[in-house]
Amino acid sequence: MAVYTDVLEGDLAAFLSRYDVGRLLSYKGIAEGVENSNFLVRTEGGTFILTLYEKRVDRADLPFFIGLLEHLAARGLSCPLPVQPRDGRTLGELAGRPAALFTFLEGMWTRRPAADHCRDVGRALADLHAKSADFAMSRANALSVAGWRPLFRGCGAEADKVSDGLNAEIAAELAHLEANWPSDLPRGVIHADLFPDNVFFLRGELSGLIDFYFACNDILVYDLAICLCAWCFELDGAFNVTKGRAMIEGYDGARPLSDAELAALPLLARGASLRFLLTRLYDWIHIPDTSFVTKKDPREYLRKNRFHRGVASVADYGFQKRGAAA
Ligand SMILES: Nc1ncnc2c1ncn2[C@@H]1O[C@H](COP(=O)(O)OP(=O)(O)OP(=O)(O)O)[C@@H](O)[C@H]1O
Ligand SMILES: N[C@@H](CCO)C(=O)O
């Protein structure tokens, strides 16, 4: 379970005394998530999420994340809103960690995404891109194409222990992506990790997006490529074109995709699948088996990467631009 830091009742009560949320009634650690420690906190004023930022999150990035959530929530996007303490300092300190309190979002993530969920996610992603267009801060994506080689080097020769020939396969894919990565597509703030566990649904409707701790500035349609990887494959590894079509249509309906963006999508999806293959591989090799964090299987993203390598155009994802010849 991912609660790395214990919080004592007295310390939490003192932390909460800076807010107008009444007295502490109860709190408990949330098992899900691997990056930070999250607690469900109930006070006389309501229910909140307390996040303690752990080592993998750079403190210097926290004003970007907090500012982005405030910016998006102010524009009506359903995401956790940092609660304002009386002294205005949203980012506090608790149990030796930077900490902040957020509004609680109702809903649950879906373990079995259907095409309608994918359409909603595509639409919500475009909405996020539109609403963050005038956000003044920026953050480079450390996990974009320039960051993959250092990550790969950090895995050393261990990759072949995970899958035969993996080292050579990644080396070839990385070289291809480095040589062909586009530099002229529209950019902006992207979520960069909008997996099913970061999207809540309530009574069948999308009710909120969470976990903005990979958000950064990058190619907008790269975010859609990440979502295609995370949402549109079946458990047996097959790509579901009905889901792919729904997701791209959902996005395109809210923020029309240019021909250049559509043409780049298969390459960007190769990149997205390599990014998650590499981060999972790195963790697979470096996080000890005795750790209480459940490691995610890198091979899932090797299979997805192989699929995207075989994609000729967005038509293979089920998408046809309206008005385009069949
Ligand atoms: N604002 C919120 N409202 C309701 N539940 C929330 C909220 N924020 C977080 N949670 C709960 O806490 C869990 C972990 O949150 P989150 O995904 O942000 O953690 P993380 O450690 O950063 O995760 P990850 O490993 O996915 O990066 C979520 O799955 C959800 O159950
Ligand atoms: N979504 C990532 C984990 C980091 O949030 C993965 O599935 O590899």
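**Note on the strand pairing, domains and ligand sites**

1. Thr103, in β5, is the bridge partner of Phe48. Strands here, like helices, are DSSP runs numbered from the N terminus, with at least two residues (E) for a strand and at least four (H or I) for a helix, and two strands are said to pair if DSSP finds at least two bridges between them. The structure is a predicted model, in which local features need pLDDT of at least 70 and side-chain atom pairs count only at pLDDT 80 or more, while totals for chains, interfaces and linings use all residues. Residues are numbered from 1 along each chain as its sequence is written, and chains are lettered from A and ligands numbered from 1 in the order in which they are written.

2. The strand that holds Phe48 is β3 (residues 46-52), which runs antiparallel to β5 and is joined to β5 by five bridges. Phe48 also serves as the bridge partner, in β3, of Val41. That second pairing belongs to strand β2 (residues 37-43), which meets β3 in the antiparallel sense over seven bridges, and a hairpin of two residues leads from β2 to β3.

3. These strands are part of an open sheet of five, with antiparallel pairing and the order β1-β2-β3-β5-β4. Its edges are formed by β1 (24-29) and β4 (92-94), each of which pairs on one side only. From one strand to the next the twist averages 35°, where axes are lines fitted to C-alpha atoms (for helices, over the stretch in contact) and angles run from 0 to 180 degrees between N-to-C directions.

4. At the β4 edge, three bridges pair β4 with strand β5 (residues 97-103) in the antiparallel sense. Glu93 has Pro98 of β5 as its bridge partner, and Leu94 has Arg97, also in β5. The hairpin of β4 and β5 has two residues between the strands, and Ala95 in this hairpin takes a positive phi near 50°.

5. A further antiparallel pair is formed by strand β7 (residues 199-202) and strand β8 (residues 205-209), which four bridges join. Within this pair, Phe201 stands opposite Leu206 of β8. The two strands form a hairpin with two residues between them, and Arg203, in the turn, has a positive phi of about 50°.

6. For the protein chain as a whole, there are 10 helices and nine strands. Its radius of gyration, taken over C-alpha atoms, is 20 Å, close to the 20 Å that the globule rule gives for 326 residues, so the chain is as compact as a globular protein of that length; the rule itself is 2.2 Å times the number of residues to the power 0.38. Along the principal axes, the C-alpha atoms fill a box of roughly 60 × 50 × 35 Å.

7. The protein chain is assigned domain 1 (9-103) and domain 2 (115-317), with bounds that come from an automatic or database domain assignment. Their centres, taken over C-alpha atoms, are separated by 27 Å. Domain 1 gives 17 residues to the contact and domain 2 gives 17 residues, a contact being two residues whose C-beta atoms, placed from the backbone, lie within 7 Å. The side of domain 1 that touches domain 2 has 10 nonpolar, three polar and four charged residues; Ala, Val, Leu, Ile, Met, Phe, Trp, Tyr, Cys and Pro count as nonpolar, Asp, Glu, Lys and Arg as charged, and the others, Gly among them, as polar.

8. Where does ligand 1 lie with respect to the domains? Domain 1 (9-103) and domain 2 (115-317) both give residues to the shell around ligand 1, so this ligand lies between them. Around ligand 1 there are 18 residues, of which Gly33, Val34, Glu35, Pro80 and Asp211 come nearest; a residue is near a molecule or strand if its C-beta atom, placed from the backbone, lies within 6 Å of it. By class, this shell has 10 nonpolar, four polar and four charged residues.

9. Ligand 2 is surrounded by Asp193, Phe195, Phe276, Thr279, Arg280 and Lys296. The shell around ligand 2 divides into three charged, two nonpolar and one polar.
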